[in-house]
Amino acid sequence: MTGDTQGGTGDRQGGCWQADTPPPAGGTPLVLVAALALVDADGRVLIAQRPPGKAMAGLWEFPGGKVHGGETPESAAIREAREELGIDTRTSCLAPLVFASHAYDDFHLLMPLYVCRVWAGTVQPLEGQVLKWVWPARLRDYPMPPADEPLVALLRDFL
Ligand SMILES: Nc1nc2c([nH]c(=O)n2[C@H]2C[C@H](O)[C@@H](COP(=O)(O)OP(=O)(O)OP(=O)(O)O)O2)c(=O)[nH]1
C-alpha cells in the first residue's frame, strides 16, 4: 500500500490537513459552551434573545452557557436549563446532535448542541430573556450568532 490515499499518519500534499501544521500564532482561548435545542410536543424549538448589554445583544440563541470547571457539557446544560428556564432534565434526555466550532475575535467557541424533548416543569424566562418557540423551518427568520448559522440547516433537516 502506498502513501497518500491511506488514512492515519503523515501530511497530505494537496489534501485537507498537515500533521505538523502549528496552531495559529497568538491563538485565542477555547471556550466550551453547552447548548440545548428544547423541542416541544409540536416539534417547535426554543430560542432565547440575548439581552441588552451583552455581547451580540438582540441575536437569538439556544439556551445554555459556559461549562464550568468540574462540569461535563451535559451537567452544564442541565444546570443552565434549571437556572435560565426553571426546568429539570437529565443526561439520558439529552441527545447530542451537532456542534459549532467558530472563531470569534477574542475566543474560539466549541459548542455541542443537545436535543432535549423531555423535561419536568414549565419553561419560564427566569433571567428576563425573551423566549420563542419556533418551527425549525422558520429559524432563519431569527438572526443568530455566526457560530449558530451552520446549525440551523442541520436542525431543519434532523428534527
Ligand atoms: N448559549 C448560547 N451561547 C452561544 C450560542 N451561540 C454563540 O455564539 N454563543 C456564545 C455567546 C457567548 O459568548 C457564549 C455563551 O456563554 P454565556 O451564555 O455564559 O456568556 P454570556 O456572554 O451570555 O455571558 P457572560 O456569562 O460571559 O457574561 O457562547 C448559542 O446558541 N447559545
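Hi everyone. Let me start with a definition: a residue counts as buried if 20 or more other C-beta atoms lie within 10 Å of its own, as exposed if 12 or fewer do, and as partly exposed in between. Keep that in mind, and remember as well that what you have in front of you is a predicted model.

Let's put the definition to work on one residue, F107. Is F107 buried, exposed or partly exposed? There are 13 other C-beta atoms within 10 Å, so F107 is partly exposed. You can find F107 in the loop that links strand 5 to strand 6. Leaving out residues up to four places away in sequence, F107 touches T28, P29 and V31. V39, on the other hand, sits 29 Å from F107, C-alpha to C-alpha, with the two positions 68 residues apart in sequence.

Now let's step back to the whole chain. The protein has two helices and seven strands. If you walk along the sequence, you meet them in the pattern β-β-β-β-α-β-β-β-α. Of the 159 residues, 23% are buried. As for contacts, take those between residues at least 6 apart in sequence: 61% of them join residues at least 24 apart.

UniProt has something to say here too. Its unreviewed entry places the feature "domain: Nudix hydrolase" at residues 29–157. In the model, that span is 17% helix and 33% strand, and its end C-alpha atoms are 32 Å apart.

On to a sheet. Three strands form an open sheet in the order 3-2-7, and the pairing is antiparallel. Which strands are at the edges? Those are strand 3, residues 60–61, and strand 7, residues 131–134, each of which pairs on one side only. Strand 2, residues 45–49, is joined to strand 3 by two bridges, and the two run antiparallel. One partnership to look for there is Q49 with W60 in strand 3. Strand 2 also pairs with strand 7, again in the antiparallel sense, over four bridges. In that pairing, V45 stands opposite V134 of strand 7.

Next, please find helix 1. Helix 1 covers residues 73–85, which makes 13 residues, and from first C-alpha to last it reaches 17 Å, close to the expected 18 Å. Which residues of helix 1 are buried? They are P73, A76, A77, I78, A81, E84 and L85. The cover over these buried residues includes strand 1, strand 4, strand 5 and strand 6. Right after the helix comes G86, with a positive phi near 70 degrees.

Last stop: the ligand. The residues around the ligand number 14, and those that come nearest are E61, G64, G65, P145 and A147. Strand 1 (30–38), strand 4 (64–66) and strand 6 (108–116) are the elements that give two or more residues to this shell. Which strand gives the most? That is strand 4, with three residues. Sorted by class, the shell has eight nonpolar, two polar and four charged residues.

If you go back to the model afterwards, try tracing strand 4 yourself. Strand 4 contributes to the shell around the ligand, and strand 4 is also part of what covers the buried residues of helix 1. Thanks for listening!

Note on methods. Residues numbered from 1 in each chain as written. Predicted model: local features only at pLDDT ≥ 70, side-chain atom pairs only at ≥ 80, totals over all residues. Pairing = 2+ DSSP bridges. UniProt positions renumbered as here; feature names shortened; annotations may be inferred. Near = placed C-beta within 6 Å. Nonpolar A, V, L, I, M, F, W, Y, C, P; charged D, E, K, R; others polar. Expected span 1.5 Å × (residues − 1). Contact = placed C-beta atoms within 7 Å.
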